[in-house]
Amino acid sequence: MMMTLEQRLQMLKTPDRRVDVVLDTDAYNEIDDQFAISYALKAKERIAMQAIYAAPFLNERAESPEDGMEKSYAEILKLLELAEENVPVLKGSGGYLPSETSAVRSPAAEDLAQRAMGYSAQNPLYVVAIGAITNIASALLMAPAIAERMVVVWLGGHSLDWPDTQEFNMAQDVASAR
């Protein structure tokens with residue numbers, strides 16, 4: 001049974017309670033992700049961190065998307081050690097989506113596909129994506145039913161009236177699909 005628009009909008013309301021969160025991040029790419037991880041770990045009154053996923057990235061800091069993901073994975077572990085926190089960390093995709101219909105299997109995508117099934121529209125899993133959206137898109141392709149069990153909060157995109165809709169976190173996946 002497909003969710004109604006009203007049900008989807010209800011899920012998007014700001015929660016008034018502590019929520020379960022997974023964070024998908026290209027932590028080695030730039031410093032804002034390190035701040036986001038640190039903040040989320042210490043905001044225990046609002047966030048119950050369930051897992052952190054390493055996302056791919058490619059720029060002058062990485063030789064390939066897989067190298068970017070591996071460096072982000074190591075950076076996440078380093079931050080957790082410094083924060084004296086114990087949270088599951090999973091490696092994400094070593095590349096970007098090959099097409100809009102082909103998932104990239106990774107420990108992160110598989111974990112999200114399985115983990116989200118333990119949630120519901122009334123008690124969704126919050127997925128905070130602050131890197132390329134590959135891991136989340138892959139999980140959705142692998143298990144479409146999770147769309148009704150999670151809320152994705154994605155750092156990315158421009159307003160419709162922005163003159164250029166090229167956006168790093170989306171463009172990496174879309175460009176590689178062409």
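Which residue forms a salt bridge with aspartate 111, and how far apart are the closest N and O atoms? The partner is arginine 115, and the gap between those two atoms comes to 2.9 Å. Keep in mind that this is a predicted model. With that said, here is a walk through the chain, starting from the overall layout and coming back to that pair.

**The overall layout**

The chain holds six helices and five strands. Follow the sequence and you get the pattern α-β-α-β-α-β-α-β-α-β-α. Of its 178 residues, 45% count as buried. Long-range pairings feature heavily in the contacts: among those between residues at least 6 apart in sequence, 73% join residues at least 24 apart. As for the outside, the accessible surface adds up to about 9800 Å², and carbon and sulfur atoms account for 55% of that.

**Helix α4 and its salt bridge**

Back to the opening pair. Aspartate 111 and arginine 115 both sit in helix α4 (residues 107–115), four residues apart, so about one helical turn separates them. The general rule behind this is that an α-helix has 3.6 residues a turn, so residues three or four places apart point the same way. Aspartate 111 counts as buried, at 17% relative accessibility, while arginine 115 is partly exposed at 22%.

Aspartate 111 has company on the buried side of the ledger: Ala108, Ala109, Leu112 and Ala113 of α4 are buried too. What do the buried residues of α4 pack against? They meet quite a list of elements: β1, β2, β3, β4, α5 and β5.

**Arginine 149, across from arginine 115**

Arginine 115 also gives us a handy bridge to another arginine. Arginine 149 is 34 residues away from it in sequence, with 9.8 Å between the two C-alpha atoms. You'll find arginine 149 in the loop between α5 (134–142) and β5 (150–154). Its relative accessible area is 26%, so it is partly exposed.

Once you set aside the neighbours within four places in sequence, arginine 149 is in contact with Met11, Ala116, Met117, Tyr119, Ser120, Pro124 and Leu125. With tyrosine 119 there is a bit more to say: a polar atom of the arginine 149 side chain lies 2.8 Å from the backbone oxygen of tyrosine 119.

**The salt bridges**

How many salt bridges are there? The count comes to six. Three of them are set out below.

| Salt bridge | Closest N and O atoms |
|---|---|
| Lysine 44 with glutamate 85 | 3.0 Å |
| Arginine 105 with glutamate 110 | 3.6 Å |
| Aspartate 111 with arginine 115 | 2.9 Å |

Take the pair of lysine 44 and glutamate 85. Lysine 44 is in the loop between α2 (31–42) and β2 (47–54), and glutamate 85 is in the loop between α3 (65–83) and β3 (89–91), so the salt bridge ties together parts that are 41 residues apart in sequence. Is glutamate 85 buried or exposed? It is buried, with a relative accessible area of 19%; the cut-off for buried is under 20%. Lysine 44, on the other hand, is partly exposed at 40%.

The side chains of glutamate 85 and lysine 44 also make a polar contact, again at 3.0 Å. Leaving out residues up to four places away in sequence, glutamate 85 touches Leu41, Lys42, Lys44 and Leu80.

The pair of arginine 105 and glutamate 110 has its own profile. Arginine 105 is exposed, with a relative accessible area of 59%, and glutamate 110 is partly exposed at 38%.

**The largest pocket**

Finally, the pockets. The largest one has a volume of about 330 Å³. It is lined by 14 residues, and those closest to its centre are Val19, Val21, Ile47, Val128 and Val153. Where does the lining come from? β1 (19–25), α2, β2 and β4 (125–129) each supply at least two of its residues. Some of these elements have come up already: β1, β2 and β4 are among those that the buried residues of α4 pack against, and α2 comes just before the loop that holds lysine 44.

Technical notes
Residues are numbered from 1 along each chain as its sequence is written. This is a predicted model: local features need pLDDT of at least 70, side-chain atom pairs count only at pLDDT 80 or more; totals for chains, interfaces and linings use all residues. Side-chain values use heavy atoms; hydrogens and water are left out. Buried means under 20% relative accessible area, exposed over 50%, partly exposed in between (1.4 Å probe, protein chains only). Contact means heavy atoms within 4.5 Å. A polar contact is a pair of N or O atoms within 3.5 Å; within protein, one must be able to donate a hydrogen and the other to accept it, and residues adjacent in sequence count only if both atoms are side-chain atoms. A salt bridge is a side-chain nitrogen of Lys or Arg within 4 Å of a carboxyl oxygen of Asp or Glu. Accessible areas come from the Shrake-Rupley method with a 1.4 Å probe; for residues, only the protein chains shown count as cover. On a 1 Å grid over the protein atoms alone, a cavity is a set of points where a 1.4 Å probe fits but cannot get out, and a pocket is an open set with protein on both sides within 12 Å along at least five of seven lines; lining residues have an atom within 4 Å of a point. Grid points are joined across faces, edges and corners, and a volume is the space filled by probe spheres set on the points.
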